[in-house]
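Here is a short walk through one protein model. Keep the sequence and the 3D view side by side as you read.

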Amino acid sequence: MSGLLAYLADNAADLLLNATFGLSVYMIARLLKASPSAAIVFAAIPFGAILLLQNPAVPNRLMALLG
């Protein structure tokens, strides 16, 4: 858990920017009459892609955290 908190503290600005982008994608999807669950999926895909592009070591760290 401390590894996750350290990651959040180190990358707070990038995560906030990604969350803002994800929220704007969600709002656009809702404006286009998508269901809430579909809008969340549309917002999560770019958020996850940006997260992986900015931090290529995330999958390894995530697997270490979960394992």
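**The pocket and the patch**

Two helices, H1 (2-10) and H4 (58-66), each supply at least two residues of the lining of the largest pocket. The model is predicted, and that pocket holds about 220 Å³ of space. Rolling a probe the size of a water molecule over the atoms shows where empty space is left.

Which residues line the largest pocket? They are Gly3, Leu4, Tyr7, Leu51, Val58, Arg61, Leu62, Leu65 and Leu66. H4 gives the largest share, five residues. By character, the lining divides into seven nonpolar residues, one polar and one charged. Arg is counted as charged and Gly as polar, so Arg61 and Gly3 fill those two places in the lining.

Now turn to the surface. A nonpolar patch is formed there by Met1, Leu4, Leu5, Leu8, Leu62, Met63, Leu65 and Leu66. Together they have about 840 Å² of accessible area. H1 and H4 appear again, each with at least two residues of the patch. H4 gives the most, with four residues. Leu5, one of the patch residues, sits in helix H1.

How far can the model be read? The protein chain averages a pLDDT of 84, and 100% of the residues score at least 70. Confidence is highest in helix H2 (residues 12-31), at a mean of 88. Confidence is lowest in H4, at 75. Where pLDDT is low, the predicted coordinates should not be read in detail. H4 is also the helix with the largest share of the pocket lining.

Key. Residues numbered from 1 in each chain as written. Predicted model: local features only at pLDDT ≥ 70, side-chain atom pairs only at ≥ 80, totals over all residues. Heavy atoms only, no water. 1 Å grid on protein atoms, 1.4 Å probe; cavity = no way out; pocket = protein on both sides within 12 Å on 5 of 7 lines; lining within 4 Å. Points joined across faces, edges and corners; volume = space filled by probe spheres on them. pLDDT = per-residue confidence, 0-100. Patch = residues over 30% accessible without salt bridge, like charges linked within 9 Å, V, L, I, M, F, W, Y side chains within 5 Å. Areas by Shrake-Rupley, 256 points an atom, 1.4 Å probe, with all protein chains shown as cover. Salt bridge = Lys/Arg side-chain N within 4 Å of Asp/Glu carboxyl O.
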